[in-house]
Amino acid sequence: MGQLELAGVRKSFGTVEVIKGVSLDVAHGEFVVFVGPSGCGKSTLLRMIAGLEEITDGEVRIDGSRVNDLPPVKRGISMVFQSYALYPHMNVYENIAFPLRVEKMDNKTVEEKVHRASKILHLDERLKHKPGQLSGGQRQRVAIGRAIVREPSVFLFDEPLSNLDAALRAEMRVELSKLHSALDATMIYVTHDQVEAMTMADRIVVLDGGQIAQVGTPLELYHKPSNIFVAGFIGNPK
Ligand code: ADP
Ligand code: MG
């Protein structure tokens, strides 16, 4: 469960190719971080894995099966975005429960799953609060709760911490690492923050202009960058 494979994946918008043949194997339970300059295709690649963007060429496979034509809800994947929209009129419980309501799950199962998710995220004391009564970090945890409540085997995060201040980001980094161990899920995490990449990743994928510049563990990339671009991005953190 949660094994992910990209095979020669390409994406064009009109005549412009923005993802230029990306191949990557991600093992079950791995924490893989995508880094690269703005516009290099990180979000597009995640959206293709999630099923939110059509794949022009190549294949995305989950647990060995091609999922190119499967709708997002059938892929066993949840995605957390940079700007997360919570429903202001719903309390924390209902915000987290929302994806299960959409699937018309029965109340008892919803309750079990929401409680399990809120416990992991330390939100169990906040279930009756409305988003407006929460701190920024708590709100982001609710957004993550909404992603984990469906208990997918693959999580995609697109710069989920970039709207938070530095102290909160540091705290959430630790929380997300704990979450990763607690869920035993595969995670693909996009960031432009080198510290996040170096501290959280099992492996880092450096993207440049829609292609993979290098893949390796944080230490491999730090000590043996394969070119100047990677060295500039990872090898010399400021
Ligand atoms: P990143 O997340 O790394 O900043 P994106 O994946 O958002 O990069 O964008 C990669 C490239 O694709 C950029 O040049 C961007 O302008 C282009 N792009 C993204 N989405 C669209 C779209 N819907 N239509 C046309 N071009 C797009
Ligand atoms: Mg992006």
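The following paragraphs describe the two sheets, the core, the ligand shell and two unusual backbone positions of a predicted model.

Because the model is predicted, local features are reported only where pLDDT is at least 70 and side-chain atom pairs count only at pLDDT 80 or more, while totals for chains, interfaces and linings use all residues. Residues are numbered from 1 along each chain as its sequence is written, and chains are lettered from A and ligands numbered from 1 in the order in which they are written.

We may begin with the six-stranded sheet. Helices (H or I, at least four residues) and strands (E, at least two) are DSSP runs, numbered from the N terminus, and two strands are said to pair if DSSP finds at least two bridges between them. On these terms, an open sheet of six strands follows the order β6-β7-β8-β3-β9-β10, with mixed pairing. Its edge strands are β6 and β10 (211-216), each of which pairs on one side only. On average, neighbouring strands of this sheet are turned by 20 degrees against each other, direction ignored; here axes are lines fitted to C-alpha atoms, for helices over the stretch in contact, and angles run from 0 to 180 degrees between N-to-C directions.

At one edge, β6 and strand β7 (residues 154-158) are parallel and share four bridges, with Ser 78 opposite Phe 155 in β7. Phe 155 also stands opposite Met 187 in β8, where β7 and strand β8 (residues 186-190) run parallel over five bridges. In a regular strand the side chains alternate between the two faces of the sheet. In strand β6 (residues 77-80) both faces are covered: Ile 77 and Met 79 are buried on one side, as are Ser 78 and Val 80 on the other. A residue counts as buried if 20 or more other C-beta atoms lie within 10 Å of its own, as exposed if 12 or fewer do, and as partly exposed in between, with C-beta atoms placed from the backbone. Helix α4 (residues 136-148) lies across β6 and β7, at about 165 degrees to β6.

Further into this sheet, strand β3 (residues 31-35) holds Phe 34, which is buried because 28 other C-beta atoms lie within 10 Å. Two residues are in contact if their C-beta atoms, placed from the backbone, lie within 7 Å. With residues up to four places away in sequence left out, Phe 34 touches Lys 42, Leu 45, Ile 188, Val 190, Val 205 and Leu 207. Of these, Val 205 is 171 residues from Phe 34 in sequence, yet the two are 4.8 Å apart in space, C-alpha to C-alpha.

A nonpolar core is a set of buried Ala, Val, Leu, Ile, Met, Phe, Trp, Tyr and Cys residues joined through C-beta atoms within 7 Å. The largest one has 61 residues, of which Val 33, Leu 156, Ile 188, Ile 204 and Val 206 touch the most other members. Helix α2 (residues 92-102) supplies the largest share of this core, five residues. Among the contacts of Val 33, again beyond four places in sequence, are Tyr 189, Met 200 and Ile 204.

A second open sheet has four strands in the order β2-β1-β4-β5, with antiparallel pairing. Its edges are β2 (16-26) and β5 (65-66), each with a single partner strand, so one side of each has no neighbour in the sheet. Eight bridges link strand β1 (residues 4-13) to β2, and Lys 11 stands opposite Ile 19 in β2. Five bridges join β1 to β4, where Leu 6 faces Val 60. Helix α1 lies across β1, β2 and β4 (57-62), at about 65 degrees to β2.

The same helix, α1 (residues 42-50), gives the most to the shell around ligand 1, with three residues. A residue is near a molecule or strand if its C-beta atom, placed from the backbone, lies within 6 Å of it. The shell consists of Phe 13, Val 18, Gly 36, Ser 38, Gly 39, Cys 40, Gly 41, Lys 42, Ser 43 and Thr 44. By class, three are nonpolar, six polar and one charged, where Ala, Val, Leu, Ile, Met, Phe, Trp, Tyr, Cys and Pro count as nonpolar, Asp, Glu, Lys and Arg as charged, and the others, Gly among them, as polar.

Finally, two backbone positions deserve a word. Most residues other than glycine have a negative phi. Asp 63, however, has a positive phi of about 50 degrees, in the turn of a hairpin formed by β4 and β5 with two residues between them. Asp 63 is partly exposed because it has 14 C-beta neighbours inside 10 Å. His 122, in the loop between α3 (107-120) and α4, has a positive phi of about 55 degrees and, with 11 C-beta neighbours inside 10 Å, counts as exposed.
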